[in-house]
Amino acid sequence: MAKASEIKVGNILRFNGELVTVIEIIHRTPGKGGAFYLGKFRNIKTGKIVEARLGTDEQVEICRVETSDYQYLYEEGDYFVVMDNNTFEQFNIEKSLFGPAAKFLKEGMDVIVSIESEEPIMAQAPNFVELEVTYAEPAVKGDTSSGAMKNITTENGIEIKVPLFVNEGDKIKVDTRTGEYVERVK
């Protein structure tokens with residue numbers, strides 16, 4: 001347990017029985033009454049932002065979270081199986097922890113997983129991934145207005161809009177946070 005005055009942005013706390021990450025913490029000293037802290041916290045599971053007022057001596061639980069690199073091995077039902085790069089132990093991580101980036105994972109890819117009390121609480125795919133184009137619509141001759149896009153399908157079955165010059169067999173770089181095409185890879 002720690003005092004509210006020891007909280008820093010980025011800490012992970014157990015607040016009202018939920019794990020939250022500190023987005024903002026402000027110390028206030030009004031003219032009347034005692035000093036206090038105003039905190040903005042993001043719930044790790046739901047993503048909702050919670051605001052709270054904490055007394056300067058109020059006790060909070062700062063959680064010890066270990067974050068390390070893992071290698072994605074394969075998919076198993078609602079879980080991804082990952083391996084610790086140091087100890088070679090295998091763990092099951094819920095797909096939902098990766099969010100929308102889960103569909104971009106390929107076997108052998110490095111991912112980041114945060115664990116608190118032997119329970120995975122956050123998972124992050126790499127920001128960019130290289131995928132091979134398995135199907136590309138043919139570009140229509142004369143359809144070369146600026147910003148013209150066409151649909152393609154990647155090796156793991158994801159449909160993405162790309163510029164007309166991307167063809168079947170090309171490798172493309174995709175942003176896993178937005179799901180958008182970034183560039184063609186040589």
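**View 1. Strand β10 in the predicted model, with its partners on either side.** Strand β10 covers residues 110-116 and is mostly tucked away, with 5 of its 7 residues buried. It pairs with strand β7 (residues 66-76) over 6 bridges, in the antiparallel sense. Look for Gln71, which stands opposite Asp110 of β10. Strand β11 (residues 119-124) also runs antiparallel to β10, joined to it by 5 bridges. Here Val113 has Ala123 in β11 as its bridge partner. The link between β10 and β11 is a hairpin with 2 residues between the strands, and Ser117 in that turn has a positive phi of about 55°.

**View 2. The largest nonpolar core, with Val111 picked out.** This core counts 28 residues, and those that touch the most other members are Phe98, Leu105, Val111, Ile160 and Ile172. Elements giving two or more residues to it are β7, β8, β10, β12 (128-136), β14 and β15. Of these, β12 gives the most, with 4 residues. As for Val111, its contacts beyond four places in sequence include Ser68, Asp69, Tyr70 and Tyr72. Others on the list for Val111 are Val82, Phe98, Leu105, Gln124, Ala125 and Pro126. Another core, of 11 residues, lies apart from this one and has Ala4, Val20, Tyr37 and Ala52 among its members.

**View 3. Aromatic rings meeting edge-to-face.** A search of the whole structure turns up 4 aromatic pairs. In one of them, Tyr70 and Phe91 meet edge-to-face, 5.8 Å centre to centre with 85° between the planes. Tyr70 sits in strand β7 and Phe91 in strand β9, so this pair ties together parts 21 residues apart in sequence. Tyr70 is buried at 4% relative accessibility, while Phe91 is partly exposed at 27%. Phe80 and Phe98 make another edge-to-face pair, at 5.5 Å centre to centre and 75° between the planes. Phe80 belongs to strand β8 and Phe98 to the loop between β9 and β10, so the pair ties together parts 18 residues apart in sequence. Both rings belong to buried residues: Phe80 has 3% relative accessibility and Phe98 has 5%. Add Tyr72 to Phe80 and Phe98, and you have one aromatic cluster.

**View 4. An open sheet of 5 strands.** Going across, the order is β14-β13-β12-β15-β16, with antiparallel pairing. The edges are β14 (159-163) and β16 (180-185), each of which pairs on one side only. From one strand to the next, the twist averages 50°. Zoom in on β15 (residues 171-175) and β16 to find 5 bridges in the antiparallel sense. Asp175 has Glu180 in β16 as its bridge partner.

**View 5. Two charges over ring faces.** Arg53 lies over the face of Phe36, at 3.8 Å from the ring centre. Lys173 does likewise with Phe128, at 5.1 Å from the ring centre.

**View 6. Two loop residues with positive phi.** Most residues other than glycine have a negative phi. Asn16 is not a glycine, yet its phi is positive, at about 55°. You'll find Asn16 in the loop between β2 (12-15) and β3 (18-28), and it is exposed, at 69% relative accessible area. Phe88, also not a glycine, has a positive phi of about 65°. Phe88 is in the loop between β8 (79-84) and β9 (90-94), and this residue too is exposed, with a relative accessible area of 57%.

Conventions:
Residues are numbered from 1 along each chain as its sequence is written. This is a predicted model: local features need pLDDT of at least 70, side-chain atom pairs count only at pLDDT 80 or more; totals for chains, interfaces and linings use all residues. Side-chain values use heavy atoms; hydrogens and water are left out. Buried means under 20% relative accessible area, exposed over 50%, partly exposed in between (1.4 Å probe, protein chains only). Two strands pair if DSSP finds at least two bridges between them. Axes are lines fitted to C-alpha atoms, for helices over the stretch in contact, and angles run from 0 to 180 degrees between N-to-C directions. A nonpolar core is a set of buried Ala, Val, Leu, Ile, Met, Phe, Trp, Tyr and Cys residues joined through side-chain atoms within 4.5 Å. Contact means heavy atoms within 4.5 Å. Rings of Phe, Tyr and Trp (its six-membered ring) pair if their centres lie within 6.5 Å; planes under 30 degrees apart count as stacked, over 60 as edge-to-face and the rest as tilted. A charge sits over a ring if NZ of Lys or CZ of Arg is within 6 Å of the ring centre and within 35 degrees of the ring normal.
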